[in-house]
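Dear colleague,

I am handing this structure over to you, as agreed. Please look through the sequence and the model first; my notes on what was found follow below.

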Amino acid sequence: MKLKKHLLIAFLVVLSTTFNSCATAQSSNKKQKYKVAVCDWMILKRQKLGAFGLAAEIKADGIELDMGGLGNRPTFDSKLGDPVERQKFLDKSKETGVGISSIAMSGFYAQSFATREITPMITDCIQAMKNMKVKVAYLPLGTQTDLVKNPELRPEVIKRLQWAGKEVGKIGGVIAIETSLSATEEKKLLDEVGSKYIKSSFNFANAVDNGRDISSELKILGKKYLAQIHASNTDQFWLENDKAIDMPKIKQTLDEMKWSGWLIVERSRDVTQVHNVKANYGANVAYLKKIFQN
């Protein structure tokens, strides 16, 4: 009888421990449904190791790591193609506990995705994704490939995105594009591209600038098309003080969509202290975490 009693007690202890471990894991996973990152170029640490330390200091979960400048070069001015330099970034990420949400091709903000030779840039970015085990690349179509102002570029953009989709699909990654289109029109564009490896990088600022409701746009776009979110507005106020952004409503919308992923702070700097990186990004990261991780 004593042996049976001891065995029963031991069983109950193991059962309780297992239950508590599962509960803790579920709680941890729930907290990590949304992660918050900052753009390394916007915190003035473009492709610099110091971006990880600064991101850790302001309590961001990750950085969006840029491929570097482009200008008139044949490809990005990037260190990530050098195995030794690349390892330094991976080591610093591990050391600080700051992840890499995505690899950005911010050079296309000002350069034309539709008319330039893009093969080397896309190839280099995908190689960096593969080597660093990052699943998402960020591609802003920018001012020169604004499809609202330049609709004639649409067929070429679709053709190039179809090629890029095939290339990034080889490593199981995704290229997340940012356009100036409404959610309805962007969804049509993605349908025309017809690749599950080309999705949207949704930007709050685009919706606000065009008088569109963020939550409504997210619902239209849908979970299937959404790879990541640039969760900030143009510079004026911190997110917590921005009346144009109803963050609790946005969280509710994303919860209902059952979407999870990275929320990336690009701007939303207080114009009275626009150069104060720690204050601006620290405040915005803290606010996003308060809403999305509590």
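One definition is needed before the cavity is described: Ala, Val, Leu, Ile, Met, Phe, Trp, Tyr, Cys and Pro count as nonpolar, Asp, Glu, Lys and Arg as charged, and the others, Gly among them, as polar. Please also keep in mind that this is a predicted model.

The cavity

A search of the whole structure turns up one cavity of 30 Å³ or more. The space in this largest cavity comes to about 90 Å³. Its lining is made up of 14 residues, and L181, E186, F202, N203 and N206 are the ones nearest its centre. By class, five of the lining residues are nonpolar, six are polar and three are charged. At least two lining residues come from each of α6, β6, α7 (204–209) and α8. The largest share belongs to β6, with four residues.

The pocket

The largest pocket has a volume of about 490 Å³. It is lined by 22 residues, with Y109, G142, E178, S180 and N203 closest to its centre. Here α7 gives the largest share of the lining, three residues. By class, the pocket lining divides into five nonpolar, 11 polar and six charged residues. N203 is thus named twice in these notes: among the residues nearest the centre of the cavity and among those closest to the centre of the pocket.

The chain as a whole

The chain has 294 residues, and 50% of them count as buried. It has 10 helices and eight strands. Of the contacts between residues at least 6 apart in sequence, 77% join residues at least 24 apart. The exposed area of the chain is about 14,500 Å², with 55% of it supplied by carbon and sulfur atoms.

Helix α6

Helix α6 covers residues 183–193, and its buried residues are A183, E186, L189, L190 and V193. Seen down the axis of α6, these buried residues fall within an arc of 120°, so they line one face of the helix. A general point fits here: an α-helix has 3.6 residues a turn, so residues three or four places apart point the same way. What do the buried residues of α6 pack against? They pack against α5 (154–169), β5 (174–178), β6 (198–203) and α8 (214–221). E186, one of the buried residues of α6, is also among the residues nearest the centre of the largest cavity. Just after α6 comes G194, with a positive phi of about 70°.

Two loop residues with positive phi

Most residues other than glycine have a negative phi. L44 has a positive phi, near 65°, and is not a glycine. It sits in the loop between β1 (34–39) and α2 (50–57). Is L44 buried or exposed? L44 is exposed, since its relative accessible area is 58% and the cut-off for exposed is over 50%.

K59 is not a glycine either, and its phi is positive at about 65°. K59 is placed in the loop between α2 and β2 (62–66). With a relative accessible area of 58%, K59 is exposed.

N280 and R269

N280 belongs to helix α10 (residues 277–292). Its relative accessibility is 0%, so N280 counts as buried. Apart from neighbours within four places in sequence, N280 is in contact with W238, R269, D270, Q273, V274 and H275.

R269 lies in the loop between β8 (261–265) and α10. Is R269 buried or exposed? R269 is buried, because its relative accessible area is 15% and buried means under 20%. Apart from neighbours within four places in sequence, R269 is in contact with M42, D235, Q236, F237, W238, V274, N280 and Y281. W238 and V274 therefore appear in the contacts of N280 and in the contacts of R269.

M121

M121 is part of helix α4 (residues 119–132). It has 0% relative accessibility, so M121 counts as buried. Which residues does M121 touch, not counting residues up to four places away in sequence? They are L70, P74, T75, F76, M105, F108 and R116. G107 is 14 residues from M121 along the chain, and the C-alpha atoms of the two are separated by 9.6 Å.

Regards

Conventions:
Residues are numbered from 1 along each chain as its sequence is written. This is a predicted model: local features need pLDDT of at least 70, side-chain atom pairs count only at pLDDT 80 or more; totals for chains, interfaces and linings use all residues. Side-chain values use heavy atoms; hydrogens and water are left out. Buried means under 20% relative accessible area, exposed over 50%, partly exposed in between (1.4 Å probe, protein chains only). The arc is that of the directions from the helix axis to the C-beta atoms. Contact means heavy atoms within 4.5 Å. On a 1 Å grid over the protein atoms alone, a cavity is a set of points where a 1.4 Å probe fits but cannot get out, and a pocket is an open set with protein on both sides within 12 Å along at least five of seven lines; lining residues have an atom within 4 Å of a point. Grid points are joined across faces, edges and corners, and a volume is the space filled by probe spheres set on the points. Accessible areas come from the Shrake-Rupley method with a 1.4 Å probe; for residues, only the protein chains shown count as cover.
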